[in-house]
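Here's a quick look at one chain, written for someone who likes cut-offs spelled out. Have the viewer open as you read.

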Amino acid sequence: QISWTPLLVLGYLFYLLLGAMVFQLLEKQAETHSRDQFQLEKLKFLQNYTCLDRQALEQFVQVLMEAWEKGVNPEGNSTNPSNWDFSNSFFFAGTVVTTIGYGNRSPSTVAGQVFCVFYALFGVPLNLAFLNQLGKGLNAHLITLERWVQKPGRAKVQLAVFLTTGTLLFLVFPPLVFSYVEGWSYGEGFYFTFITLSTIGFGDYVVGTNPNRHYIPLYRSLTAIWIVFGLAWLALVFNVGADLVEKFLQLKWHKPDLSLAEGATTKLEDEPEQPRIHIPT
């Protein structure tokens, strides 16, 4: 038998190196252009307002950055909705226990920070347990996915229904809603949807943060509920995809003993298969 573990490690490292090269190629030049454009805008601002010097402008920019880091949007005025009303607080609690962590909002008081630590300490395991129970409701679909390679007949239809329904509910239709409510393009809404449900959570796009738009009170709370169910579905898809990769490597690099394989097949036919549910964070 040939161990596939070194091959998987090399493939993983190669995938990271490939991603780094592509991101550098796509984003570095755009970042340089944005940086130069920002410096040019500051220079124009100083030329138009000669009563200010560069040091005063830099201090004002620092104030804006500190406000943004504390979750205060510099746009608008003091009449903007609070970042810590019940709806926004409910949404933030969901991002904590699901480990999304957008980074655009965080507790600023010592008491809030200490509470956040213990809230996450107990909330993250509770969230995983909840997702496991939610995933058990999809046992039939999970068994179908795990048997897909061996029994590609009717299972292909069930697999297509499972993937299509979940894709429509969690990846295709939500960007339409976000595009309408937030004013994003469909591509930006789709990007936000996947980045959120995969718990990557960059924080460059977050719902309900535009001070120039009016949101209904339950908007962010409903979004948090959608995130929870979307996490369960996408986690199942990721889990099955990881299982298929492992099975592919084992079938490709291992030479099983035919007699042992026949015995194992007979044993599996005699004993009912128990579904295996595993929801990764």
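What follows covers the annotated segments, the main core and one arginine.

This is a predicted model, where local features need pLDDT of at least 70, side-chain atom pairs count only at pLDDT 80 or more, and totals for chains, interfaces and linings use all residues. Residues are numbered from 1 along each chain as its sequence is written, and side-chain values use heavy atoms, leaving out hydrogens and water.

An unreviewed UniProt entry puts "transmembrane region" on 6–26, 110–131, 157–177, 189–207 and 219–242; such annotations may be inferred rather than shown by experiment. Two of them look like this (helices are DSSP runs of H or I, at least four residues; strands are E, at least two):

| Residues | Helix | Strand | End C-alpha distance |
|---|---|---|---|
| 110–131 | 100% | 0% | 30 Å |
| 219–242 | 100% | 0% | 34 Å |

Now the largest nonpolar core (buried Ala, Val, Leu, Ile, Met, Phe, Trp, Tyr and Cys joined through side-chain atoms within 4.5 Å): it has 23 residues, with Phe91 and Ile227 among those with the most contacts inside it. Helix 8 (219–253) is one of the helices supplying at least two residues, and its nine are the largest share.

Arginine 220 sits in helix 8 too. Arginine 220 is buried (under 20% relative accessible area, 1.4 Å probe, protein chains only) but has no salt bridge, meaning no Lys or Arg side-chain nitrogen within 4 Å of an Asp or Glu carboxyl oxygen. Aspartate 85, its nearest side chain of opposite charge, is 6.2 Å away. Instead, the arginine 220 side chain makes a 2.4 Å polar contact with that of asparagine 88 (N or O atoms within 3.5 Å, one able to donate a hydrogen and the other to accept it).

How values were computed. Buried means under 20% relative accessible area, exposed over 50%, partly exposed in between (1.4 Å probe, protein chains only). Lys and Arg count as positive and Asp and Glu as negative; His and the chain ends are not counted.
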